[in-house]
Amino acid sequence: MSKIISLGIWALGIMLMASQKHSPLLSNVGLSVLAYKATAFFIPRVGAAFIRRGFSGKDMNKVEKRVIPETMGAVSSMVYFMCMILFIPVLFYKYLVPEQSKNQPENPLEVLSDGYTSVAKAQFPHDQLGAYLSAVISILSISLLGIFDDLFDIRWRHKFFLPAIAAIPLLVVYYVDYGVTYVSVPTLLRPFFQRSIVDLGFLYYIYMAAVAIFCPNSINIIAGVNGVEAGQSLVIGLVVLCNDLIYVFHPSNPEAVRAHLLSIYLILPLLGVTAGLLKYNWWPSRVFVGDTFCYFAGMVLAVVGILGHFSKTLMLFFIPQIFNFILSVPQLFGFVECPRHRLPRLNVKTGLLENSYTEFAEGVPLPTKTLLTIRLFEAFRLIRVDWDQKTKRPIRCTNFTIINFVLYHTGPMREDHLTLCIMGIQLAVGLFGLAIRHGLAPLVYPQDNI
Ligand code: UD1
Ligand code: MG
């Protein structure tokens with residue numbers, strides 16, 4: 001029975017994919033279904049080869065700590081690139097194969113000779129192809145960085161800014177095609193600014209480069225629990241898709257429709273390859289996604305935000321990642337010691353995940369900045385600190401991550417429930433972001449600034 005369903009899904013994907021004459025969108029849906037099937041087909045087949053080449057990791061939150069294939073994001077990103085390349089002739093089909101109207105000659109040679117094809121060629125949207133190819137280059141270069149990181153464990157300070165360089169083709173396309181660098185001032189603040197828009201100029205490009213740095217890295221640090229990297233990417237991708245569909249089906253202007261259609265073409269295959277990966281990465285994981293996947297998925301999301309002209313709205317969907325980043329600042333910037341792994345710990349007796357801690361060695365004096373940070377974060381109930389009642393000195397504190405924050409407030413949880421919990425928060429925040437963007441924003445800004 002499952003074989004028949006599987007064959008049915010392949011057939012559906014191929015049928016939709018072949019419907020490009022009617023709509024590139026339908027073909028893209030078909031391609032994404034095929035991307036799901038292809039990813040799910042390859043992952044179990046290449047796992048052993050990946051382990052042989054050293055792409056493997058220990059599942060730390062299992063009793064037997066099995067070694068399983070890592071860097072499976074490489075399979076997802078390769079399938080994704082195949083889709084992107086296959087989609088190019090589909091997207092531009094009508095310019096490559098012009099429709100024959102009734103009063104035109106039947107013989108294709110005559111069609112060529114009457115100049116019809118050259119008209120189609122003249123209308124070819126080179127700007128759209130440029131935007132599409134800039135997305136391919138940016139995502140491809142960041143996937144390469146991910147593979148190198150999985151191979152060599154590159155240091156944070158060496159890899160942190162690379163996504164900004166990878167984003168340069170996107171920023172050039174943005175500058176040439178769209179170039180909007182102003183932000184609308186909310187109605188309430190207009191008397192203070194005495195204008196309805198503020199032009200950020202070059203700073204807006206710095207902001208977009210920062211988005212490209214933030215998205216891949218922020219996904220990579222909500223990690224370490226089976227399924228959580230792919231799970232959060234899947235939910236953000238779905239929310240972005242909803243946002244795009246709202247623009248496409250309630251068009252405000254043709255420019256917005258074009259930008260959001262491009263975003264859909266990039267996001268649907270991401271959903272396909274992520275779902276295919278999640279099938280094997282879900283608890284109990286049979287494969288790990290690796291940094292490759294985190295960077296790849298984060299970059300696709302940054303790319304659609306920039307090329308779809310909604311990089312500010314995108315940040316609403318990344319609120320859990322922003323929260324996790326702010327929470328992580330003391331450990332990332334050395335105010336509090338940062339262990340190599342901050343993922344939660346398994347309690348072997350209960351089978352549940354509990355908080356992981358940073359321990360403070362006895363007798364070693366703690367710097368004032370560490371003590372102040374710990375007290376501040378404890379006061380806001382962001383971390384739990386165990387104090388030595390006699391010496392009034394901290395013994396240990398929970399690690400500064402959203403995953404530990406959730407466990408601190410909910411108590412121990414099974415690994416898959418914890419992933420579902422993070423995905424639930426991500427979804428709730430995404431729906432809230434959509435409500436703000438489409439419900440509240442029009443009230444705060446009289447005209448929509450797409
Ligand atoms: C980031 C986090 C680190 C976290 C790690 C987990 C920061 C600054 N870094 O580091 O705290 O521990 O991700 O991925 O926040 N693993 C599991 N179960 C999983 C996923 C991963 O045990 O479900 C382990 C495996 O041993 C795997 C390793 O984590 O080999 C991968 O870690 P890696 O991606 O190299 O860590 P970082 O991205 O550097
Ligand atoms: Mg990682």
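**Salt bridges, a magnesium site and a ligand shell**

Arg258 and Glu255 both belong to helix 14 (residues 254-281), where they stand three residues apart, about one turn of the helix. In this predicted model, the two side chains form a salt bridge, with 3.9 Å between the closest N and O atoms. Arg258 has a relative accessible area of 31% and is partly exposed. Glu255, at 30% relative accessibility, is also partly exposed, because the partly exposed class covers values between 20% and 50%.

Salt bridges that share partners also link Asp59, Lys62 and Glu415 into one network. Within this network, Lys62 pairs with Asp59, and their closest N and O atoms are 3.1 Å apart. Lys62 and Asp59 are both buried. Another salt bridge joins the side chains of Glu64 and Arg66, at 3.8 Å from N to O. Glu64 has a relative accessible area of 54% and is therefore exposed, since the exposed class begins over 50%. Arg66 is partly exposed, with a relative accessibility of 31%. In total, the structure contains nine salt bridges. Side chains of opposite charge can pair when their charged atoms come close.

The magnesium ion (ligand 2) has as its protein donors Asn220, through OD1, and Asp291, through OD, at 2.0 to 2.2 Å from the ion. Asn220 lies in helix 12 (residues 202-220) and Asp291 lies in helix 15 (residues 290-307), so the pair ties together parts of the protein that are 71 residues apart in sequence. Both Asn220 and Asp291 are buried.

Asn220 also takes part in the surroundings of ligand 1: an N or O atom of the Asn220 side chain is 3.0 Å from an oxygen atom of ligand 1. A polar side-chain atom of Glu70 lies 2.6 Å from an oxygen atom of ligand 1. The backbone contributes as well, with an N or O atom of Gly224 placed 3.4 Å from a nitrogen atom of ligand 1. Taken alone, ligand 1 exposes 720 Å², and the protein buries 91% of that area. There are 20 residues around ligand 1, and those that come nearest are Lys58, Glu70, Asn226, His341 and Arg342. Sorted by class, the shell around ligand 1 consists of eight nonpolar, five polar and seven charged residues.

Note on methods. Residues numbered from 1 in each chain as written. Chains lettered and ligands numbered in written order. Predicted model: local features only at pLDDT ≥ 70, side-chain atom pairs only at ≥ 80, totals over all residues. Heavy atoms only, no water. Donors = N, O, S within 2.8 Å, 3.2 Å for Na, K, Ca; no water. Helix = DSSP H or I, 4+ residues; strand = E, 2+ residues; numbered from the N terminus. Buried < 20%, exposed > 50% of the residue type's maximum accessible area, 1.4 Å probe, protein only. Salt bridge = Lys/Arg side-chain N within 4 Å of Asp/Glu carboxyl O. Near = heavy atom within 4 Å. Polar contact = N/O pair within 3.5 Å; in protein donor to acceptor, adjacent residues only side chain to side chain. Areas by Shrake-Rupley, 256 points an atom, 1.4 Å probe, with all protein chains shown as cover. Nonpolar A, V, L, I, M, F, W, Y, C, P; charged D, E, K, R; others polar.
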